[in-house]
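Dear colleague,

I am handing over the structure we spoke about, and my notes on the cysteines and on one sheet follow it. Please read them with the structure open beside you.

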Amino acid sequence: MKPNDRRRFARFCAAALFCGVVGAAHAEAEIIIINNDPAGAGFNDPTPVAPVGGNPGTTLGQQRLIAFQFAAEIWGSQLKSAVPIEVLANFLPLPCDATSAVLGAAGSRYIVSDFGAGKAATWYSAALANKLTRTDLVPAVPDIRALFNSNLGQQNCLTGIGWYLGLDNNPGTQLDLVTVLLHELAHGLGFQSFTNGTTGEQAGAPDDPLPSIFDYFLRDEDAKKTWPEMTDAERVVSATTPRNLGWNGHHVKEKANKVLDRGPPDLTVTARGFKKSYLVGTAQFGPPLERDGLRAKLGVVNNQTGSPGNGCTAFDTANAEAVVNRIAIIDRGGCGFTVKVRNAQDAGAVGVIIADNIAGSPPPPLGGVDPLITIPTVRVTLDDGIELKALVAAAPKPNQLPVASLSLDFGLLIGGGKGNRVLMYTPNPVEPGSSVSHWDTLATPNLLMEPFLNEDLSHAVRAPADLTLELLKDLGW
Amino acid sequence: MRVAIDPETKRLRPVEHDDAVGAARSAAARGALSSRKAANVTTLSNGVRVMELDESFMSYSTARVGPDGKPDSACVVGQDAAAKLLREKPVNRTASAGGRYETE
């Protein structure tokens, strides 16, 4: 901490009731957690607790602060900045009920452009702008705001599922606070577009619309443009075209193949004068797809009288004839996926394509357990299912039915697009707040900055386990 | 140039000696999840532009308990998006590579 900052912070601490300060001994960047809670609450909660998972705190408040410090130290040890990063933090009641809760929230307190460093006419998060100018540009305001739910796990607040305050990433059935903090702090450090993914409007609109530095690395494969090169309308399309928006920063591209596995699933269908690849969701059950894959003609399963849904009961003669030695197309709905696939398998199908019954893309994976299933299964979107069924219906003869190939594409990373550009999360319909500012959920292994917090995450933030740090480096960290 | 955002007027002004105290008090007084929507961009005489961000730019981690009793957590940006996510009917799904598993 610079002398002036130290004096300023000392004044702040004198005015606030309690303060917690973090500065890792070997940190490249100092991250200061400003404890903004009143006496007896939040970080100052005096409830006695037993040490847990390497967290030596003996009160609830201490353990919360130590977990915050731990996450801050992880980031502080990876980033470089001459300007301390200030995080104004509270542990306080946030909206929740017995089965749902806001766990916490974090973000940059302000963004800055045209500050004499970096790219002109471009929004930067506060902490990054400070780093680039080596100056605290708005010294009176902390750079990042962080709020976390103090009631979690109590009655009527995600009852029974509380914070795991250990530091060893062993949360069991609880929620790992350090993982959530690492994710949310990364957003506060700049892992975020400030452009609205729903409207395409840039931050500061209508009077001062400017792109975010994040946007310069968003490259739309179809349009062959980056986000700043697009109109608002084009950005809306880009934000809702699944698996078409890649991260074009060299740090991420350089390390992506050390982090992500190869071989995303691929469904390619050929018919007379027709060849097309489709996005698919893979199945939790049955054999995994293979490099060489399965190649067979398509057959469509029709509804049967008395069945609660397409493919939900043993196939009648017509359906069995339609799918024997073929890849069966079955509509979603009425029963579990495994029921449909078992019925198709029993009728002689060699594979199954589940056609979604709800609009949306990309198609999510298929869940379920049935160890007796021996044929591969994928899911396609509602629109693609309609298209595939129309192709089958248009075939003039059985030997001219469209042919499907289910395989793995080892030319791509799982979660990567062309040129090792890691894909951003761009579902259709748009998921406000989730889209664009996260990695695509296809990424394998799972990454810290996917929109869903996966159970298998470690506390790693950089290659070879993760790509968050690499993206921040692309931004200028 | 070092500037401060006045915690009451939200306008930029020169740094004063008690800015840190004022900012903290104001933040506490506003409440954790107050809602402000208007963009607040100020251009300084030297061309530096500063935009204070409201809760619509904050990232929210949320969780819902699915039918299997496990928490299903997700991150969204903006208080409204978080509230919408919590209103949605939970489905039986688990974390996986490629998204969430649904079983039917």
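The sulfur of C75(B) lies 18 Å from the closest cysteine sulfur, which belongs to C157(A), and that is too far for a bond, given that a disulfide requires the two sulfur atoms to be within 2.5 Å. C75(B) is also buried, its relative accessible area being 0%. Please keep in mind throughout that this is a predicted model, and that the values below are computed from it.

Which cysteines, then, are bonded? Searching the whole structure turns up two disulfides over all chains, and when the bonded cysteines of chain A are numbered in sequence order, the pairing reads 1-2, 3-4.

One disulfide is formed by C96(A) and C157(A), whose sulfur atoms are 2.1 Å apart. C96(A) sits in the loop between β2 (85–92) and β3 (100–108) of chain A, while C157(A) sits in the loop between β6 (144–149) and β7 (163–164) of chain A, so the bond ties together parts that are 61 residues apart in sequence. The link of C96(A) and C157(A) is left-handed, with -115° about the S-S bond. As for the surroundings of the two residues, C96(A) is partly exposed at a relative accessible area of 28%, whereas C157(A), at 2% relative accessibility, counts as buried.

The other disulfide joins C312(A) to C335(A), with an S to S distance of 2.1 Å. C312(A) belongs to the loop between β15 (294–300) and α7 (317–323) of chain A, and C335(A) to the loop between β16 (327–331) and α8 (337–346) of chain A, so this pair ties together parts that are 23 residues apart in sequence. Because the torsion about the S-S bond of C312(A) and C335(A) is about -95°, the disulfide is left-handed. C312(A) is buried, with a relative accessible area of 10%, and C335(A) is buried as well, at 12%.

Turning to the sheet, chain A contains an open one of four strands in the order β10-β9-β11-β20, with antiparallel pairing. The strands β10 (225–226) and β20 (422–423) of chain A stand at its edges and have a single partner strand each, so one side of each is left without a neighbour in the sheet. Strand β9 (residues 218–220) of chain A is joined to β10(A) by two bridges, and the two run antiparallel; the bridge partner of D220(A) in β10(A) is K225(A).

With best regards

Technical notes:
Residues are numbered from 1 along each chain as its sequence is written. Chains are lettered from A and ligands numbered from 1 in the order in which they are written. This is a predicted model: local features need pLDDT of at least 70, side-chain atom pairs count only at pLDDT 80 or more; totals for chains, interfaces and linings use all residues. Side-chain values use heavy atoms; hydrogens and water are left out. Two strands pair if DSSP finds at least two bridges between them. Buried means under 20% relative accessible area, exposed over 50%, partly exposed in between (1.4 Å probe, protein chains only).
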